[in-house]
Amino acid sequence: MGIFRMIFAYLMRNEQLINKLADTKPIRRSAQFVAYLLLQSKTYGIPMPFNHERWIKRLKTFTETYKKKLKEVEEEMKKNSPK
């Protein structure tokens, strides 16, 4: 798993690669389509499914739950560790 993270980090820092990818037709068309959807939704008053506040709330809930479960596992490991 670590090797993929390193490769991905390297590729994301490679500005030439990002510029080449941004100039490809599939990426340009995808960006145009997303921009079109956003403009159409604003024009016709259609709410977009992305709600910033709700996303932040879910992210906080996830991190709190993750920390809580991590502490529980650490405590359980301490209890069950061989002496």
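A residue counts as exposed here when its relative accessible area is over 50%, and as buried when that value is under 20%. Phe4 passes the upper mark: its relative accessible area is 59%, so Phe4 is exposed. Keep that pair of cut-offs in mind, since this is a predicted model in which hardly anything is covered: buried residues make up 1% of the 83 residues in the chain.

**Overall build**

Let's start with the whole chain. Its secondary structure comes to four helices and zero strands, and from the N terminus on the elements simply run α-α-α-α. How does the radius of gyration of the chain sit against that of a compact globule of 83 residues? The globule would have a value near 12 Å, but the chain has 22 Å. The box tells its own story: taken along the principal axes, the C-alpha atoms fill roughly 65 × 40 × 15 Å. As for the skin of the thing, the accessible surface comes to about 8,700 Å², and 64% of that belongs to carbon and sulfur atoms.

One pair gives a feel for the spread. Glu74 and Asp23 are 51 residues apart in sequence, and their C-alpha atoms are 48 Å apart in space. Glu74 lies in helix H4 and, at 42% relative accessibility, counts as partly exposed.

**Helix H1 and its nonpolar patch**

Back to Phe4, which lies in helix H1, residues 2-13. The length of this helix checks out nicely: at 1.5 Å a residue its 12 residues should span 16 Å, and the end C-alpha atoms are 17 Å apart, which agrees. How many of the 12 residues of H1 are buried? The count is zero, so H1 is hardly covered.

Phe4 also has company on the surface. Together with Ile3, Met6, Ile7, Tyr10 and Leu11, Phe4 makes a nonpolar surface patch of about 670 Å².

**Two side-chain pairs in helix H4**

Now over to H4, which covers residues 52-80. Why might side chains three or four places apart in a helix find each other? An α-helix has 3.6 residues a turn, so residues at that spacing point the same way. H4 offers an example of each spacing. Lys69 and Glu72 are three residues apart, which is about one helical turn, while Phe62 and Tyr66 are four residues apart, again about one helical turn.

The first pair is charged. The side chains of Lys69 and Glu72 meet in a salt bridge at 3.8 Å, N to O, and the count of salt bridges comes to one. Since the cut-off is 4 Å, the 3.8 Å contact qualifies.

The second pair is aromatic, and here too the count comes to one. Phe62 and Tyr66 are stacked, with 6.2 Å centre to centre and 25° between the planes. Those two numbers are the usual pair to quote, because a pair of aromatic rings is described by the distance of the centres and the angle of the planes. The stacked label follows because planes under 30 degrees apart count as stacked.

Are these side chains buried or exposed? Here is how the four residues come out:

| Residue | Relative accessible area | Class |
|---|---|---|
| Phe62 | 56% | exposed |
| Tyr66 | 51% | exposed |
| Lys69 | 47% | partly exposed |
| Glu72 | 36% | partly exposed |

So the aromatic partners Phe62 and Tyr66 are exposed, whereas the salt-bridge partners Lys69 and Glu72 are partly exposed.

Definitions and conventions: Residues are numbered from 1 along each chain as its sequence is written. This is a predicted model: local features need pLDDT of at least 70, side-chain atom pairs count only at pLDDT 80 or more; totals for chains, interfaces and linings use all residues. Side-chain values use heavy atoms; hydrogens and water are left out. Helices (H or I, at least four residues) and strands (E, at least two) are DSSP runs, numbered from the N terminus. Buried means under 20% relative accessible area, exposed over 50%, partly exposed in between (1.4 Å probe, protein chains only). Patches are made of residues with over 30% relative accessible area and no salt bridge: like charges are joined within 9 Å, nonpolar side chains (Val, Leu, Ile, Met, Phe, Trp, Tyr) within 5 Å. Accessible areas come from the Shrake-Rupley method with a 1.4 Å probe; for residues, only the protein chains shown count as cover. Rings of Phe, Tyr and Trp (its six-membered ring) pair if their centres lie within 6.5 Å; planes under 30 degrees apart count as stacked, over 60 as edge-to-face and the rest as tilted. The expected span of a helix is 1.5 Å times one less than its number of residues. The radius of gyration is taken over C-alpha atoms; the globule rule is 2.2 Å times the number of residues to the power 0.38.
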